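Visitor: I am new to this structure. Please take a close look at the ligand and the space around it.

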Amino acid sequence: MSRVFSGIQPTGVVHIGNYVGAIRNWVRLQDEMESFYCIVDYHSMTIPYDAESFPRRVLEAAAVNLAAGLDPEKTSLFIQSHVPEVTELAWILGCVTPLGELQRMTQFKDKARQHAQSINAGLLNYPILMAADILLYKADTVPVGEDQLQHLELTREIARRFNAAFGPTFPEPQARLTTGARIMALNDPERKMSKSVPGSYIALTDEPDEIRRKIRRAVTDTGPTSGEMSPGVRNLFTLLEVFDTEGATYRALREAYDQGTLRYVELKDAVADHMIAHLEPIRERYQELIHRQEELRAILAAGADQARKVARATMEEVRERTGLRT
Ligand code: TYM
């Protein structure tokens, strides 16, 4: 049976880019495959963070994912650090990963620029830990947004190198992308939506008024157009395509656009209406869940138990193959 793995950082905000690019697909795939989804707390330690509020943020991330439709009966949702075998595998994989590959990762370069005062080794090694996540569970399918493709390609290379050195052990995982794999910043549609860019995102738990206000302010055309659809308008159409699940409004407004009769305010109102209707139940479930901390912890503990079984078996095999068995 195929196995799916994916992860999300507990960075305080889960935004509609995360939802459209990744979580929505996690929810779909839990019906088709054995699935492991992970709140990657170790990854979030690579940039400055507040240790005191960290446990709460991890629980919030878990609650958002459950509210968005992950079902603990079908999937194992767990916290990365609850299965510390991943750090052992990361060490071993680090020993087959070329330094130059790590240095050329776009995300490393971006973050090194953003945190120029404190470029720690964790930032550089980040993709090795991500490869360890995926390979520890021998996942063959990894639903992610476009920004993670480079890391996934490196994971495949690390798997190949390990397999070549020590014998076939890991499958080469495939990315799973869908419409909306790159949702752009609302206020700057040439860049991706990101929680580190204020004004760029809508949080999954934003109130309806807030959503409407943010969409109203979204940049559409920044200057004279060359006849091509501008990035801001394209982004709004992508969001409409995703959130208008029946597609009737999307088709009507696309046609109006093609005929040159579309008013952007109509497009914005349509995006806001469909998004609000779609996110409302998620926000309500989240408000309920976040107050049921014991239940959340129990779900995460059960998820970690499932994950640990697979992790232990993989590590026995890896230790055997790599000669860690004196
Ligand atoms: P993270 O926490 O930044 O994002 C979680 C998921 O959301 C996707 N995403 C987007 N998709 C579309 N448009 C956007 N603007 C957008 N922004 C974010 C991301 O592509 C991701 O799928 N390194 C990963 C976490 C990770 C992981 C893994 C993922 C750790 N181990 C193993 C897959 C497999 C990250 O920082 O995602």
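Guide: What follows describes the ligand site and then the enclosed spaces elsewhere in the protein.

This is a predicted model, in which local features need pLDDT of at least 70 and side-chain atom pairs count only at pLDDT 80 or more, while totals for chains, interfaces and linings use all residues. Residues are numbered from 1 along each chain as its sequence is written, and side-chain values use heavy atoms, with hydrogens and water left out.

The ligand is surrounded by 26 residues, each with a heavy atom within 4 Å of it. Tyr-126, Asp-133, Gly-145, Asp-147 and Ile-183 are the closest. By class, this shell holds twelve nonpolar, eleven polar and three charged residues. Here Ala, Val, Leu, Ile, Met, Phe, Trp, Tyr, Cys and Pro count as nonpolar, Asp, Glu, Lys and Arg as charged, and the others, Gly among them, as polar. At least two shell residues come from each of β1 (3-8), α1 (16-29) and α7 (121-136); helices (H or I, at least four residues) and strands (E, at least two) are DSSP runs, numbered from the N terminus.

Backbone atoms of the protein also pair with the ligand. A ligand nitrogen lies 2.8 Å from a backbone N or O atom of Ile-183, and a ligand nitrogen is 3.1 Å from a backbone N or O atom of Gly-17. At Gln-9, a polar backbone atom is 2.9 Å from an oxygen of the ligand. Taken alone, the ligand exposes 710 Å², of which the protein buries 95%; the areas come from the Shrake-Rupley method with a 1.4 Å probe.

The ligand occupies the largest pocket, meaning that more than half of its atoms lie within 2 Å of the pocket's grid points. On a 1 Å grid over the protein atoms alone, a pocket is an open set of points with protein on both sides within 12 Å along at least five of seven lines, whereas a cavity is a set where a 1.4 Å probe fits but cannot get out; lining residues have an atom within 4 Å of a point.

There are two cavities of 30 Å³ or more. The largest cavity has a volume of about 40 Å³, the space filled by probe spheres set on its points, which are joined across faces, edges and corners. Its lining includes Met-105, Phe-108, Tyr-126 and His-151. α6 (106-114) and α7 each give two or more residues to that lining.

Terms used: Polar contact = N/O pair within 3.5 Å; in protein donor to acceptor, adjacent residues only side chain to side chain.
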